[in-house]
Amino acid sequence: MRIDILTIFPEILSGPFDHSIIKRAQKAGIVEIHLHNIRDYSTNKHKKVDDYPYSAGAGMVMSIQPIDDLISKLKSERNYQAIIFTTPDGLTFNQNHANHLSTFENIIILCGHYKGIDQRIRDHIVTHEFSIGDYVLTGGELAAAVITDSIVRLIPGAMSDETSALSDSFQDGLLSAPVYTRPADYKGWKVPEILLSGNERKIEEWKLEQAIDKTKRLRPDLLNPSKK
Ligand code: ADE
């Protein structure tokens with residue numbers, strides 16, 4: 001898989017992909033992550049990437065030209081199945097979106113900034129708009145990092161124990177059961193007895209029960225999606 005990330009602050013994104021599973025996946029050739037500086041594509045002599053909005057109101061708006069030129073260049077090189085824009089007024093990103101996007105060959109993620117981008121980019125170029133939650137970040141870079149991370153770890157071969165992606169919270173619509181490791185007793189804080197029993201069937205039942213209880217308590221909306 002190839003992910004092209006378009007930003008005016010590529011430095012923000014050089015760190016997040018240089019560790020752990022995401023770094024290993026790149027080294028193993030499972031994913032290529034390319035950062036592009038939108039500013040490099042501005043035809044303006046001062047390399048401007050934004051301009052004043054037509055309507056009154058504070059805030060600059062990202063211009064079409066550099067973004068369109070950069071995306072057109074990428075599209076001339078390969079086919080993209082998704083051109084994602086990160087924005088607080090997008091669809092709230094979830095595990096289903098991550099699962100779906102992880103099956104794609106090539107995707108572009110365009111990081112939003114300032115007050116927004118010229119609406120014509122969203123109308124004519126972008127195919128998916130995602131928010132990572134109901135709060136406003138200074139820019140879309142961290143959202144792009146979150147989306148990329150959630151996708152890459154799902155690509156076959158990215159994780160050493162592939163079954164572990166299947167037991168993630170949300171994959172089965174439930175939060176994960178708690179996990180423990182040794183020692184079985186730490187300062188009197190004990191690991192639940194059932195986990196020491198060696199009875200795998202009973203342990204699986206317990207884990208499911210725990211997952212359902214935890215989901216009911218913390219995220220009842222996951223159990224009744226229509227009431228959300
Ligand atoms: N840009 C600013 N805030 C954002 C958010 N919550 N999600 C995605 N992109 C954003």
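Here are a few worked exercises on this predicted model of a protein chain with its ligand.

**Exercise 1. Find which residues come nearest to the ligand, and say which of their backbone atoms pair with ligand nitrogen.**

Step 1: Start with the shell. There are 13 residues around the ligand, and T87, I132, G133, Y135 and L137 come nearest.

Step 2: Now look at the backbone. I132 has a backbone N or O atom 3.0 Å from a nitrogen atom of the ligand. For G133, the distance from a backbone N or O atom to a ligand nitrogen is 3.1 Å. T87 joins in with a polar backbone atom 3.2 Å from a nitrogen atom of the ligand.

Step 3: Check these against the cut-off. A polar contact needs a pair of N or O atoms within 3.5 Å, so the pairs from I132, G133 and T87 each make the list.

**Exercise 2. Work out how much of the ligand the protein buries, and where the ligand sits.**

Step 1: Take the ligand alone, and it exposes 260 Å².

Step 2: Put the protein back, and 97% of that area is buried.

Step 3: As for the place, the ligand sits in the second largest pocket.

**Exercise 3. Describe the shell around the ligand by strand and by residue class.**

Step 1: Go through the strands. β5 (82–92) and β7 (128–131) each supply at least two residues of the shell. The largest share, 3 residues, comes from β5.

Step 2: Sort the shell by class. You get 7 nonpolar residues, 6 polar ones and no charged ones.

**Exercise 4. Split the chain into domains and say how far apart their centres are.**

Step 1: Domain 1 covers 2–152, and domain 2 covers 169–227.

Step 2: Taken over C-alpha atoms, the two domain centres are 36 Å apart.

**Exercise 5. Track down a cis peptide bond and a positive phi, and place each in the chain.**

Step 1: The cis bond runs from R182 to P183, with omega near 5°. P183 is in the loop between α7 (163–166) and β8 (185–186).

Step 2: The positive phi, about 60°, belongs to K47, which is not a glycine. Look for K47 in the loop between β2 (32–37) and β3 (50–51).

How values were computed
Residues are numbered from 1 along each chain as its sequence is written. This is a predicted model: local features need pLDDT of at least 70, side-chain atom pairs count only at pLDDT 80 or more; totals for chains, interfaces and linings use all residues. Side-chain values use heavy atoms; hydrogens and water are left out. A residue is near a molecule or strand if one of its heavy atoms lies within 4 Å of it. A polar contact is a pair of N or O atoms within 3.5 Å; within protein, one must be able to donate a hydrogen and the other to accept it, and residues adjacent in sequence count only if both atoms are side-chain atoms. Accessible areas come from the Shrake-Rupley method with a 1.4 Å probe; for residues, only the protein chains shown count as cover. On a 1 Å grid over the protein atoms alone, a cavity is a set of points where a 1.4 Å probe fits but cannot get out, and a pocket is an open set with protein on both sides within 12 Å along at least five of seven lines; lining residues have an atom within 4 Å of a point. A molecule sits in a cavity or pocket if more than half of its atoms lie within 2 Å of its grid points. Helices (H or I, at least four residues) and strands (E, at least two) are DSSP runs, numbered from the N terminus. Ala, Val, Leu, Ile, Met, Phe, Trp, Tyr, Cys and Pro count as nonpolar, Asp, Glu, Lys and Arg as charged, and the others, Gly among them, as polar. Domain bounds come from an automatic or database domain assignment.
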